[in-house]
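Ready to work through a protein model by hand? Grab the viewer and try each task before you read its solution.

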Amino acid sequence: MTTPLIPDLARGTPLRGRDPELDRITEGLRALRSGRSSITVVSGPPGAGKSRILAETLRRADAMRLRSVVVAGDRDERFLAGGSLLRGLRDGTDALLDAATLLAVATRPEHRYWLLEEIRNGIERAALRAPLLVVVDDLQWCDDFTLVALRALPQRLGPYAVMWLFATRPAGGTPAVPETLARLSSLGAARIELDGLGDDAVAAMAADILGATAPPGVLAMARAAGNRPLLVAELMHGLAQESGSDGLPVRFRDSILRRTARLSPAARTAIEVASLLSREISVGRLAALLRVPPADLLRPLAEALAEDLLQERDGQLVFRHDLVRDAVRESVPAPLRRTLRREAAGLALRDGAPVVEVASLLADSAERGDLEAITALRSAAAELAASSPSAAADLSRRALELCHAGSPQRAAIAAEGIRLLWLAGRGHEASTSGQALLLAGLDPVTEAGVRMGIAAVSSQYSFAEAVAQCRAAVALPGLPADLRVPLLALLAVNLTMYGDIPAADAVIDQAAAAATGDEAAAAATGDEAAAAVRVATRSVVALYRDRWDEAFALADRAVAVSRAAGADGALWGATQWRGLLDAAAGRPDLAIAHADRGVRAAQAGGQAWLLRQWTLDRCRLLYDAGRLEDARSEAEGVLAMADELGAGNYADCTALMTLARIAVHTGDPRAARAYAADARRMLDDPAPIVRRTGRWLAVLVAADDGDDRALAALLALIEILPAGAGPSLGTPLDPADEVTFVRLALRTGHPDRAVRALEAARARSDANPGHPFLGAVTLHARGLVERDAGALRTAAGIFATFPRPLPYAACLEDLAELQRAHGVREDVVRCLDRALAVLEEAGASRDAARVRRALRDLGARRGRTAVAGQDPWASLTVTETAVVRRVAEGSTNREVAAAMFLSPHTVGTHLRHAFTKLGINSRVELTRLLLAAPPTTDAGPAVRADRAARSASPRRAAG
């Protein structure tokens with residue numbers, strides 16, 4: 001058991017009046033011992049006894065031989081990223097984390113993501129060895145990164161034997177605290193609300209402390225003090241008569257001050273100055289502030305220990321309780337408090353202490369014009385940028401406040417702050433700050449750099465903001481070529497994501513002219529990354545102008561330039577675009593293999609952002625390949641990464657759209673309705689491509705809902721764009737979507753719209769005869785519009801040669817429907833049987849049920865391929881089966897992810913889905929199930945189809 005950080009305020013006495021609360025927590029401990037996880041939040045005002053309950057819980061856990069760790073928030077460490085969490089998991093003789101490993105992680109790019117992964121892996125390994133209790137005290141004082149972790153970890157570690165016990169005040173801390181509590185509540189956290197004790201409990205507590213029955217007058221004073229345990233304890237020492245405000249109780253503060261008054265002047269001064277430092281008191285720094293040798297503090301500190309104001313814990317001096325420290329601190333006049341904290345910060349910096357550790361001292365003590373504080377705060381913000389961008393933004397803003405109006409540093413500091421606000425997801429603040437900075441007037445080069453930085457940060461989160469910033473930067477006069485060329489390249493690629501293809505094409509011409517149009521010359525000036533982006537953007541333009549062979553050739557060239565420049569992990573990857581081209585041409589299997597290599601490279605290089613990008617693409621590719629369960633797990637997993645890496649437009653257009661499509665195919669109306677709300681949000685986005693995707697998402701959900709009137713209204717909003725104008729029906733481009741549009745337009749009585757979509761598909765396929773998937777799409781659309789069974793039959797034959805099962809099955813269904821009208825029963829049944837087999841292998845359960853109904857109407861009854869109850873493993877996908885086998889063998893999620901080339905988040909979602917299907921909740925139950933009823937057969941056709949898709953020999957080399 002880790003040494004507790006939690007003080008026992010009434011040492012040696014029983015805990016009174018909290019039996020119901022302790023019974024609930026003890027029930028969680030018993031469940032933990034059986035391998036089940038749980039979350040409990042204990043909330044109450046200062047002095048309500050939260051810490052005492054945690055201490056008693058730790059004692060009971062120790063008696064049950066359960067392993068436990070303690071994390072405690074600290075108001076003065078709120079800028080130390082992960083300080084609260086890491087101290088609890090790293091310190092002690094039974095540490096969960098290794099200091100050397102953490103140091104190595106800290107040097108990685110995007111180390112915020114990898115640090116969280118290391119923490120999750122450490123807790124996971126510990127829970128595999130023995131059930132683990134994680135206690136978090138003073139949640140309201142936890143730092144930004146710790147709160148991010150505490151929002152994410154309980155869900156991701158749900159299958160493990162981990163009990164989470166939190167204590168917090170009802171108010172206080174940063175806005176991230178209520179967000180964290182809301183997330184815990186959504187995960188089913190039990191809430192225990194504490195306030196005053198009952199009268200009987202107070203009487204018993206008083207007798208425990210006094211050793212005799214308390215007089216009625218004393219108990220009356222306890223009732224006046226709200227029966228709060230902390231105040232009752234002080235009253236029993238004759239120190240209080242009533243309670244104060246909802247904050248620090250007035251009489252408690254007065255009682256502490258009376259106790260300090262009994263100290264010698266030297267001891268009182270020492271304790272007052274110590275209260276201004278951090279949680280753990282540095283005797284050397286305290287001596288320096290007091291300007292005395294450390295030896296002179298022996299007697300004063302001994303007095304404070306004897307008076308029970310300080311305690312010795314793990315070789316350090318700490319205040320008995322944070323409320324004791326707060327009471328002493330408040331007794332120091334504010335001007336003197338600020339002066340001493342500033343001096344303490346200066347001493348810490350001169351001692352070589354990390355600037356992040358002294359940021360809290362500087363933030364509330366420095367005055368305007370303090371150059372040392374400004375420099376230190378900027379350094380601390382830079383250190384925190386990757387791990388705690390919100391805290392970093394606050395420090396940067398404080399540095400800006402300390403600058404005089406005419407300071408030459410203001411522009412640079414403000415620019416840094418804008419970038420940090422974007423990273424922290426505080427877009428409105430970033431926009432406001434940016435406008436204020438730009439109004440202040442900057443030289444063109446500085447302004448262009450500011451705008452380029454904002455655009456680079458926002459490219460994946462707000463396409464419109466990225467375009468706006470790039471355009472404004474490019475318009476500035478007198479920019480040097482080494483700044484103008486990458487700016488134009490960045491603008492061009494953002495315009496393609498924004499959805500303005502003609503504008504992107506024009507900007508590419510400008511970029512080529514600025515770079516002399518010669519990639520060799522660009523390479524000579526160190527502009528290889530920008531050159532790769534320019535060539536890849538030309539490929540995008542060529543695709544949307546229906547020149548697909550040119551698009552593939554340019555994409556291959558962009559990949560070569562990108563790899564030569566070592567820029568595969570640049571803002572927008574040429575390698576990613578090359579995979580999306582394969583998928584659009586009907587070969588998601590090639591694209592998945594390409595994405596798998598990207599995932600492996602991102603994992604090996606510690607590139608969390610790039611891992612997220614590949615996973616975003618991969619979820620859509622898996623959907624295209626008809627692996628719906630795997631696609632759903634991948635999409636849910638990548639959206640879970642928003643805790644560390646944020647969300648935005650790209651996630652909307654890939655993961656969110658994928659999940660909505662899957663909900664339609666699998667018959668999940670509740671999820672579909674939730675995605676309809678997302679579609680409405682996307683309709684208000686300033687980026688045309690996001691609005692188009694939102695409209696298409698709304699159409700798919702309305703079609704699934706069966707409301708043809710609403711469907712017709714939504715279809716009327718969609719314009720089939722001419723070649724060169726960009727995608728009409730969302731992104732990434734899927735030509736098969738045009739068939740769906742044709743079918744829905746005919747269903748709602750608008751054949752003119754169906755004809756326009758058919759003409760667009762025909763123009764594309766005629767311009768690209770070397771891409772037969774486009775021809776199949778056109779034949780399918782023509783068969784629907786012209787009711788031509790021959791066209792549908794030919795389209796089905798072409799679709800059968802591509803690993804795109806859902807368009808193939810849809811074509812078979814449409815062919816069967818048309819043949820049914822002509823009374824050819826045998827052909828109809830044959831088509832529907834083939835469609836059913838394809839849909840069941842893909843996991844499209846709702847579509848499969850529709851086909852079974854059609855067969856039943858023809859007198860051909862077909863059962864499900866896997867009957868619930870026969871084999872608990874039959875419903876798992878091949879990936880889920882592989883994940884649970886590795887997990888049951890004792891592998892951690894990270895070890896499974898490394899072996900299967902997935903992200904740990906995706907492994908977690910596969911595991912949750914598998915547990916739901918198997919009707920279990922924990923790894924312990926999984927092991928029992930495997931022992932009782934191990935899988936007896938191969939997972940059948942789905943497994944064989946999956947393996948075939950993975951091993952298919954590529955027809956076109958994947959760049």
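Below are three exercises, each with a worked solution.

Before you start: this is a predicted model, where local features need pLDDT of at least 70, side-chain atom pairs count only at pLDDT 80 or more, and totals for chains, interfaces and linings use all residues. Residues are numbered from 1 along each chain as its sequence is written, and side-chain values use heavy atoms, with hydrogens and water left out.

**Exercise 1. Work out the strand order of the five-strand open sheet, and find its edges.**

Step 1: Pick out the strands, which are DSSP runs of E with at least two residues, numbered from the N terminus (helices are runs of H or I with at least four). Two strands pair if DSSP finds at least two bridges between them.

Step 2: Follow the pairing across: the order is S2-S3-S4-S1-S5, and the pairing is parallel.

Step 3: Look for strands with a single partner. Those are S2 (67-72) and S5 (190-193), so each has one side without a neighbour in the sheet.

Step 4: Zoom in on S3 (residues 132-137) and S4 (residues 162-168), joined by five bridges. Valine 136 has phenylalanine 166 in S4 as its bridge partner.

**Exercise 2. Describe the three-strand open sheet and the helix that packs on it.**

Step 1: The order is S6-S8-S7, and here the pairing is antiparallel. The edge strands are S6 (280-281) and S7 (310-313), each pairing on one side only.

Step 2: Between S7 and S8 (residues 316-319) there are four bridges. Glutamate 312 sits opposite leucine 317 in S8.

Step 3: Now add helix H14 (residues 298-306), which packs on the sheet and touches S7 and S8 (contact means heavy atoms within 4.5 Å). The direction of H14 makes about 95 degrees with that of S7, where axes are lines fitted to C-alpha atoms, for helices over the stretch in contact, and angles run from 0 to 180 degrees between N-to-C directions.

**Exercise 3. How do helices H35 and H36 run relative to each other?**

Step 1: Find H35 (residues 669-683) and H36 (residues 688-705); their axes come within 8 Å and cross at roughly 150 degrees.

Step 2: Classify that angle. It makes H35 roughly antiparallel to H36 (under 35 degrees is roughly parallel, over 145 roughly antiparallel, 65 to 115 roughly perpendicular, the rest oblique).

Step 3: See who meets whom: H35 residues including Ala672, Tyr675 and Leu683 meet H36 residues including Val690, Leu697 and Asp704.
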